[in-house]
Amino acid sequence: MNVGDRVRIKESVIFYHHPLHRNEAFDAKGLEGVIINILTDYKGRPISPNFPVQVEFAVEGAKRPMRAHLKRDELESL
């Protein structure tokens, strides 16, 4: 997976920060988005984050896209 790739969430992942379902459990399985960042270092020092892949999802009816940090095994490339 690389920055700019389109991906889909293949497992059941619950978000509470979805713009149209604020503070409610939202199952994001099947949601498609674009990888905008893969976290590997912080200020030049290597890191090992739990959720290294940052994905941006376009949400119809929302002011701006939603971003989420996910694991590689929760995503599939399109």
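Two strands are taken to pair if DSSP finds at least two bridges between them. In this predicted model, that criterion describes an open sheet of five strands, ordered S8-S7-S4-S1-S9 and paired in the antiparallel sense. Strands S8 (66–70) and S9 stand at the edges with a single partner strand each, so that one side of each is left without a neighbour in the sheet. From one strand to the next, the twist averages 45°.

Within this arrangement, S1 and S4 run antiparallel and are joined by three bridges, and Arg-6 has Val-34 as its bridge partner in S4. Strand S1 also pairs with S9, again through three bridges and in the antiparallel sense, with Ile-9 standing opposite Leu-75 of S9. Elsewhere in the sheet, strand S7 (residues 53–57) and S8 are paired antiparallel over five bridges, and the bridge partner of Gln-54 in S8 is His-69.

The side chains of S1 alternate along the strand: Val-7 and Ile-9 point to one face and are buried, whereas Arg-6 and Arg-8 point to the other face and are not. Buried here denotes a relative accessible area under 20%, and exposed one over 50%. Arg-6, with a relative accessible area of 41%, is therefore partly exposed, and Arg-8 likewise counts as partly exposed because its relative accessibility is 27%.

Both arginines take part in salt bridges. Side chains of opposite charge can pair when their charged atoms come close. The count of salt bridges in the model comes to four. In one of them, the side chain of Arg-6 meets that of Glu-32, with an N to O distance of 3.3 Å; this pair links distant parts of the chain, since Arg-6 lies in strand S1 (residues 6–9) and Glu-32 in strand S4 (residues 32–38), 26 residues apart. Glu-32 also meets the side chain of Arg-8 in a salt bridge, at 3.1 Å from N to O. Because Arg-8 belongs to strand S1 and Glu-32 to strand S4, this second pair ties together parts that are 24 residues apart in sequence. The shared acidic residue, Glu-32, is itself partly exposed, at 34% relative accessibility.

A further salt bridge is formed between Arg-8 and Glu-76, whose closest N and O atoms are 3.0 Å apart. Here Arg-8 lies in strand S1 and Glu-76 in strand S9 (residues 75–77), so the contact ties together parts of the chain separated by 68 residues in sequence. Glu-76, with a relative accessible area of 29%, is partly exposed. Arg-6, Arg-8, Glu-32 and Glu-76 are thus linked in a network of salt bridges. The strands that carry these residues are also paired through the backbone, S1 with S4 over three bridges and S1 with S9 over three bridges.

How values were computed
Residues numbered from 1 in each chain as written. Predicted model: local features only at pLDDT ≥ 70, side-chain atom pairs only at ≥ 80, totals over all residues. Heavy atoms only, no water. Helix = DSSP H or I, 4+ residues; strand = E, 2+ residues; numbered from the N terminus. Buried < 20%, exposed > 50% of the residue type's maximum accessible area, 1.4 Å probe, protein only. Axes fitted to C-alpha atoms, helices over the stretch in contact; angles between N-to-C directions.
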